[in-house]
Each structure stands twice: as C-alpha cells, then as structure tokens.
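Me: Hi! I've got a model open and would love to talk through its side chains with you. Can we start with the charged ones?

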Amino acid sequence: MEAKLSILTKQYDENKNTDTMELKTIGKIFEKKDDIYVVYEEIEDGEKITTTIKISDDEVSIKKFGTVNSLMVFKENYKHETRYRTNQGLFIIETETNKLEIDRSEKNYIKLNIEYNINILDLFKGRNEINISIEYNI
C-alpha cells in the first residue's frame, strides 16, 4: 500500500553548526508479523538508493542499499556500530540513541522522532534528530 513520507533531519556538529535536510517522497508500507516496514527510493548523486524503515515496538532500524549500504538501529539508550559503504569508501559509524518516540495514536499515521549522537570515526562527531511522518490509507 502507498505511503507519503516526510523526513526532516537536523545534524548538529561539535561547533554548534546545524545542517538541515528534508525529503518528501512516496513509498510502500506493509506489516509483517508485529513490525511495520516502509520502503522508498531516493536519488543521491544520480544513483538510486532503496531505504527500508522497520518499526517495532521499541526499536526502529533504517537500512539503505544501492550506492550507499548501511544499517542503523535505534533503541533508547542503545549504542550501535555500522559500516556505511559509499562510492567514496567505507566508514564506520557509531550511534547512541538518546530518544526514540514511536507515535501510532492517529489512524493511518505514524510519527517517529529519533535523537542520537553520531560518531563517524575520525571524521565527524555530532548529534542528529530525525522526524519522520508516514501517512497511509488502509
């Protein structure tokens, strides 16, 4: 079934600089066992990337594959390390989730709020906030 996604990402670096990215797209949503999956495609540097968001009771994972390959897992007070493969090379990324809110109180609407510390080893340290709104019709 079709889903409308609105994704707002804010990244704060160690010097208090803010970078904001916004994506509005259409994807597919489905349930499998007790989890919800949202799949969408985006173009980055002219290349297609497929992203799957898996929503569980107390955990959200975001898996990207294509020219970028990664798996990020968010669970409150949880540290996760992933390999982030791009055309520029392989990066090791550590995330530590400070806050995870999964709001399914409205019919046909899911809101995700994820706040986490990010450390791209030897390249970048900061804090990210992702707000995802998913609207669908069952």
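Me: How many salt bridges does the count come to?
Reply: The count comes to eight salt bridges, where a salt bridge is a side-chain nitrogen of Lys or Arg within 4 Å of a carboxyl oxygen of Asp or Glu. Bear in mind that this is a predicted model, so local features need pLDDT of at least 70 and side-chain atom pairs count only at pLDDT 80 or more, while totals for chains, interfaces and linings use all residues. Residues are numbered from 1 along each chain as its sequence is written, and side-chain values use heavy atoms, with hydrogens and water left out.

Me: Which residue does Lys 64 meet in a salt bridge?
Reply: Lys 64 meets Glu 42, at 3.1 Å from N to O. The pair links distant parts of the chain, with Lys 64 in strand β5 and Glu 42 in strand β3, 22 residues apart. Strands here are DSSP runs of E with at least two residues, numbered from the N terminus.

Me: Are Lys 64 and Glu 42 buried or exposed?
Reply: Both Lys 64 and Glu 42 are buried. Buried means under 20% relative accessible area, exposed over 50%, and partly exposed in between, using a 1.4 Å probe and protein chains only.

Me: And what about Glu 22 and Lys 24, buried or exposed?
Reply: Glu 22 is exposed at 55% relative accessible area, and Lys 24 is exposed too, at 60%. They form a salt bridge whose closest N and O atoms are 3.7 Å apart.

Me: Which residues are linked in a network of salt bridges?
Reply: That network links Lys 99, Glu 101 and Glu 115.

Me: Now Glu 129. Which side chain of opposite charge is nearest?
Reply: That's Arg 127, 4.4 Å away; Glu 129 is buried yet has no salt bridge. For charge, Lys and Arg count as positive and Asp and Glu as negative, while His and the chain ends are not counted. Glu 129 lies in strand β10 (residues 124–136), and a polar contact of 3.3 Å joins its side chain to that of Asn 131. A polar contact is a pair of N or O atoms within 3.5 Å; within protein, one must be able to donate a hydrogen and the other to accept it, and residues adjacent in sequence count only if both atoms are side-chain atoms.

Me: Changing topic: how many aromatic pairs are there?
Reply: There are two aromatic pairs. Rings of Phe, Tyr and Trp (its six-membered ring) pair if their centres lie within 6.5 Å; planes under 30 degrees apart count as stacked, over 60 as edge-to-face and the rest as tilted. Phe 30 and Tyr 37 are stacked, with centres 5.4 Å apart and planes at 10 degrees. Phe 74 and Tyr 116 are tilted, with centres 4.7 Å apart and planes at 50 degrees.

Me: Where do Phe 74 and Tyr 116 lie?
Reply: Phe 74 lies in strand β6 (residues 70–74) and Tyr 116 in strand β9 (residues 109–120), so the pair ties together parts that are 42 residues apart in sequence. Phe 74 is buried at 0% relative accessible area, and Tyr 116 is buried at 3%.

Me: Last one: in the largest nonpolar core, which residues touch the most other members?
Reply: Ile 53 and Ile 134 do, in a core of 28 residues. Such a core is a set of buried Ala, Val, Leu, Ile, Met, Phe, Trp, Tyr and Cys residues joined through side-chain atoms within 4.5 Å. Strand β9 gives the most to this core, with six residues.

Technical notes. Helices (H or I, at least four residues) and strands (E, at least two) are DSSP runs, numbered from the N terminus.
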